[in-house]
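Biologist: Please take one buried polar side chain in this model and examine its setting closely. Then place that setting within the rest of the chain, in one connected account.

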Amino acid sequence: MPNSEILHKKAVAVITGEASGIGLAAALRYAREGMSVFLADVNESDLSTAVAKVKGVEGVGEVYGLKVDVSSIEQVLGLRDKVLEEFGEIHILMANAGTSSPTPAFSLTTPLAELQTNWHKVLDTNFMGVLNVAQAFAPIMARQENSSVIICTGSKQGITCPPGNAGYNVSKAAVKTFTEQLAHELRNVPDSRCSAHLFVPGWVHTGMTGARTNAPKPPGAWTAEQTVDYMIEKIFEDSAFYVICPDNETSSSLDKARIQWSLSDVIDNRPALSRWHPSYKARFDDFIASKQGLAGRSRSRGRAPLGREDSGFPSEADLLRVPPLSSSVEST
């Protein structure tokens with residue numbers, strides 16, 4: 001059943017995390033639909049700016065902002081209670097949370113305490129943040145009379161897991177699995193009109209690529225507005241669960257081919273992350289070429305650039321050549 005009925009004047013959208021970039025673009029899009037918008041973010045400055053921009057949209061409903069650390073269930077419950085106090089129900093819940101720190105699977109040089117601190121930071125924000133928000137709001141939304149959606153922001157790195165950022169990959173893989181479980185459980189609640197969806201942005205021009213300083217958009221990236229428009233179409237018109245966004249550098253067919261190869265590691269019992277295993281490099285190149293309708297390439301030649309898999313991070317070729325980033329923040 002299409003979710004288009006949810007996008008209507010005076011409906012309520014709650015967006016956690018990212019009071020800029022995709023989160024702000026989504027808030028502005030909902031505002032143009034005449035919806036009321038409740039923004040939550042840990043960055044008070046970004047939050048204040050976002051609230052002012054959303055309030056400036058002609059025809060918008062009520063607009064609120066609240067500083068919230070989504071890794072704290074107490075603060076998330078405070079957000080939920082404030083939303084219910086103001087509106088009584090929620091039609092769209094966007095659970096966004098993203099950060100990154102140096103998190104190799106193990107380290108020969110970083111002290112264990114420091115390594116585990118970084119891992120907890122990433123997991124507490126990226127996974128527990130989404131978990132906290134969904135678990136706090138889902139029981140309310142599942143019993144509402146009106147239709148609603150819970151949109152969890154994942155990452156292509158949580159599906160294909162390129163080497164170089166283990167903690168981030170693990171956190172986003174957990175978001176994918178959790179959102180699948182959430183969707184199953186929601187559709188088995190008697191009379192529930194709430195559904196869950198996994199939103200996976202591609203390469204997006206945000207603060208990570210210089211949008212905050214008005215730097216020009218990289219040719220391969222989409223704008224935040226393009227990404228939100230794609231998400232709106234897939235969730236609210238097609239009722240899709242998996243929303244894997246392309247961009248100007250990575251097509252949907254290339255995304256599907258990469259995902260198919262990754263899943264085949266399990267089916268064919270290949271080495272873990274065989275795509276980056278030297279013994280499988282040529283086979284992977286040939287597989288991608290065949291899926292893209294290209295002629296087979298010589299196995300003696302170097303691999304052609306395949307594009308970025310996630311906004312704000314180096315390409316896979318770069319990950320093979322340089323050490324992992326010291327720190328970064330997810331741009332979605």
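**A buried asparagine and its surroundings**

Modeller: In this predicted model, a polar atom of the Asn126 side chain lies 2.7 Å from the backbone nitrogen of Thr99. The asparagine belongs to helix 4, which covers residues 112–126. Its relative accessible area is 0%, so Asn126 counts as buried.

The neighbours of Asn126 fall in two stretches of the sequence. Leaving aside residues up to four places away in sequence, Asn126 touches Ala97, Gly98 and Thr99, and also Tyr168, Ser171, Lys172 and Val175. Thr99 thus appears in this list of contacts and also supplies the backbone nitrogen that faces the Asn126 side chain. As for the second stretch, helix 6 spans residues 166–187.

Ala95 offers a route from this site into the sheet. Asn126 and Ala95 are separated by 31 residues in sequence, while their C-alpha atoms are 9.9 Å apart. Ala95 is part of strand 4, which runs from 92 to 95. Both faces of strand 4 are covered. On one side Ile92 and Met94 are buried, and on the other side Leu93 and Ala95 are buried as well.

Strand 4 pairs with two other strands. It runs parallel to strand 1, to which four bridges join it; in this pairing Ala95 stands opposite Thr16. Strand 4 also runs parallel to strand 5, again with four bridges. Here Ile92 has Val149 of strand 5 as its bridge partner.

Ile92 leads on to the hydrophobic interior. The largest nonpolar core contains 39 residues, and Ile92 is among those with the most contacts inside it, together with Tyr30, Val54, Ile151, Met231 and Phe236. The elements that contribute two or more residues to this core include strand 1 (12–16), strand 4 (92–95) and strand 5 (148–153), and likewise strand 2 (36–41), helix 1 (21–32), helix 2 (44–55) and helix 7 (224–237). Helix 1 gives the largest share, eight residues. Apart from this core lies another, of 36 residues, which includes Ala134, Met141, Ala183 and Ile244.

Tyr30 shows how these elements meet in the 39-residue core. Not counting residues up to four places away in sequence, Tyr30 touches Ile92 and Met94, and Ile151 as well. Its other contacts are Leu7, Ala13, Ile15, Met35, Val37, Met231, Ile232 and Phe236.

The cysteines add a further view of the chain. Cys152 has 0% relative accessibility and therefore counts as buried. The closest cysteine sulfur to that of Cys152 belongs to Cys194, but at 9.9 Å it is too far away for a bond. The chain as a whole has zero disulfides. Cys161 lies in the loop between strand 5 and helix 6, and at 22% relative accessibility it counts as partly exposed. The phi angle of Cys161 is near 55°, a positive value in a residue other than glycine.

A positive phi also occurs at Asn269, again near 55° and in a residue other than glycine. Asn269 sits in the loop between helix 8 (252–267) and helix 9 (281–291). Its relative accessibility is 69%, so Asn269 counts as exposed, whereas Asn126 is buried at 0%.

A second polar side chain under cover is that of His205, located in strand 7 (residues 204–205). With a relative accessible area of 13%, His205 is buried. Its side chain reaches the backbone oxygen of Ala215 at 3.1 Å. Not counting residues up to four places away in sequence, His205 touches Ala215 and its neighbour Pro216, along with Gly210, Ala211, Lys217, Pro218, Ala221, Trp222 and Ala224.

These sites belong to a chain with ten helices and nine strands. Of its 332 residues, 51% count as buried. Among contacts between residues at least 6 apart in sequence, 69% join residues at least 24 apart. The chain exposes about 15,000 Å², of which carbon and sulfur atoms supply 54%.

Note on methods: Residues are numbered from 1 along each chain as its sequence is written. This is a predicted model: local features need pLDDT of at least 70, side-chain atom pairs count only at pLDDT 80 or more; totals for chains, interfaces and linings use all residues. Side-chain values use heavy atoms; hydrogens and water are left out. Buried means under 20% relative accessible area, exposed over 50%, partly exposed in between (1.4 Å probe, protein chains only). Contact means heavy atoms within 4.5 Å. Accessible areas come from the Shrake-Rupley method with a 1.4 Å probe; for residues, only the protein chains shown count as cover. A polar contact is a pair of N or O atoms within 3.5 Å; within protein, one must be able to donate a hydrogen and the other to accept it, and residues adjacent in sequence count only if both atoms are side-chain atoms. A disulfide is a pair of cysteine sulfur atoms within 2.5 Å. A nonpolar core is a set of buried Ala, Val, Leu, Ile, Met, Phe, Trp, Tyr and Cys residues joined through side-chain atoms within 4.5 Å. Two strands pair if DSSP finds at least two bridges between them.
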